[in-house]
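Here are my notes for your first look at this model. Keep the 3D view open and find each residue as you read.

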Amino acid sequence: MHLIRLIATILPKGVATLLLPVSLITAAHAEEPGSTLVPYQATYTASMNKGVSLNGTAKRTLSDQGNGVWLYRTDVDSFIADIDESLVLKWENNHVVPLRYRYRLSGFLIKDREQSIDFDWDAGVATGEYRGKPFELELTEGVLDPLGFQLQLSQDIKSGKRDLTYQVIDGGDYDHDRFAVLDKEPLKTSRGSISTLKAEKVRDKSSKRETLMWFAPDEDFLLVRLRQVEPDGSSYELRLNRADLGG
């Protein structure tokens, strides 16, 4: 997983082309009881540290676009760097079904990066571009994108799961990401102390990269903090300032 993929890009033209039946969802998924996503708007304080502190703000939204389509989006804006990331998805039988993913990092002193993934579930193929190079991959059931897995993770933790593994298309190939809920932990925020569940990405013991996420059960398991530390010591962090659930 890269540094937190945060979001932006306009809902694509011809959204009707995305409203296709998802043929790779299994019968086992269809038997699960249905659940409903809760739309929200949340603002975060975003901070980077790469030799110097780079502070900024982030806004994340989950909005219902109608006809079963959702837009998951975050905009991070700082003096040095901007991160734009978005996902158009369908929510079916408690699972994120990614349709269109876009990511862009740009800024001063930071090399620009872009990634796009389009999921054609009828054809069973994902096509995209990563760092200027096109790619095509065969889709497997349940595969996610670098942003959608965060939404799936929060919903799975909400349902009581504590050890989770996801297939994620990232960088033009498949990654297998595992997460574990560590414990309950009170977290100090600008709105006071709140109860959270702390989750960690499980990596090899030799890895110097660390990813931690905190979710708030009392706020529909909204992400309230995310921290990632890179092998070179640089770090990226989000902290929740304000949330409007159902908005």
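1. Which residues of strand S1 make up its covered face, and which its uncovered one? This is a predicted model, so treat each point as a reading of that model. In S1, residues 40–49, the covered face holds Tyr40, Ala42, Tyr44, Ala46 and Met48. The uncovered face holds Gln41, Thr43, Thr45, Ser47 and Asn49. In a regular strand, side chains alternate between the two faces of the sheet.

2. Next, look at the partner of S1. Strand S14, residues 235–245, pairs with S1 in the antiparallel sense, over 10 bridges. One pair to find is Met48 with its bridge partner in S14, Tyr236. Met48 also belongs to the covered face of S1.

3. Move on to strand S4, residues 81–92. Nine of its 12 residues are buried, so S4 is largely enclosed by the rest of the structure. Buried here means under 20% relative accessible area.

4. Which strands pair with S4? Strand S3, residues 69–78, is one of them: S3 and S4 are antiparallel and share nine bridges. Val69 stands opposite Lys90 of S4. Strand S5, residues 95–107, also runs antiparallel to S4, and 12 bridges join the two. Here Leu89 has Pro98 of S5 as its bridge partner.

5. Check the turn between S4 and S5. The two strands form a hairpin, with two residues between them. Asn93 sits in that turn and has a positive phi of about 55°.

6. Is Leu144 buried or exposed? Leu144 lies in the loop between strand S8 (133–138) and helix H2 (148–158). Its relative accessibility is 2%, so Leu144 counts as buried. Leaving out residues up to four places away in sequence, Leu144 touches Val96, Pro98, Phe149, Gln152, Tyr166, Gln167, Val168 and Ile169. Pro98 is the residue of S5 that bridges to Leu89. Gln167 is 23 residues from Leu144 along the chain, yet their C-alpha atoms are separated by 6.1 Å.

7. Helix H2 is mostly covered. Of its 11 residues, 10 are buried. Among them are Phe149, Leu151, Ser154 and Ile157. Just after H2, Gly160 takes a positive phi of about 105°.

8. Which residues touch the most other members of the largest nonpolar core? They are Ile157 and Ile169, in a core of 66 residues. Ile157 is one of the buried residues of H2. Ile169 has contacts that include Ile117, Phe119, Ala126, Phe135, Leu137 and Tyr174. Leu144 is also among the residues that Ile169 touches.

9. Finally, look for empty space. Rolling a probe the size of a water molecule over the atoms shows where such space is left. Searching the whole structure gives two cavities of 30 Å³ or more. The largest has a volume of about 140 Å³. Its lining has 16 residues, and Tyr40, Leu151, Ser154, Phe221 and Leu222 lie nearest the centre. Strand S2 (53–66), H2 and strand S13 (222–229) are the elements that give two or more residues to this lining.

10. Which element gives the largest share of that lining? H2 does, with four residues. By type, the lining of the largest cavity divides into 10 nonpolar, three polar and three charged residues. Tyr40 links back to the first point: this residue is on the covered face of S1.

How values were computed. Residues numbered from 1 in each chain as written. Predicted model: local features only at pLDDT ≥ 70, side-chain atom pairs only at ≥ 80, totals over all residues. Heavy atoms only, no water. Buried < 20%, exposed > 50% of the residue type's maximum accessible area, 1.4 Å probe, protein only. Pairing = 2+ DSSP bridges. Contact = heavy atoms within 4.5 Å. Core = buried A, V, L, I, M, F, W, Y, C linked by side-chain atoms within 4.5 Å. 1 Å grid on protein atoms, 1.4 Å probe; cavity = no way out; pocket = protein on both sides within 12 Å on 5 of 7 lines; lining within 4 Å. Points joined across faces, edges and corners; volume = space filled by probe spheres on them. Nonpolar A, V, L, I, M, F, W, Y, C, P; charged D, E, K, R; others polar.
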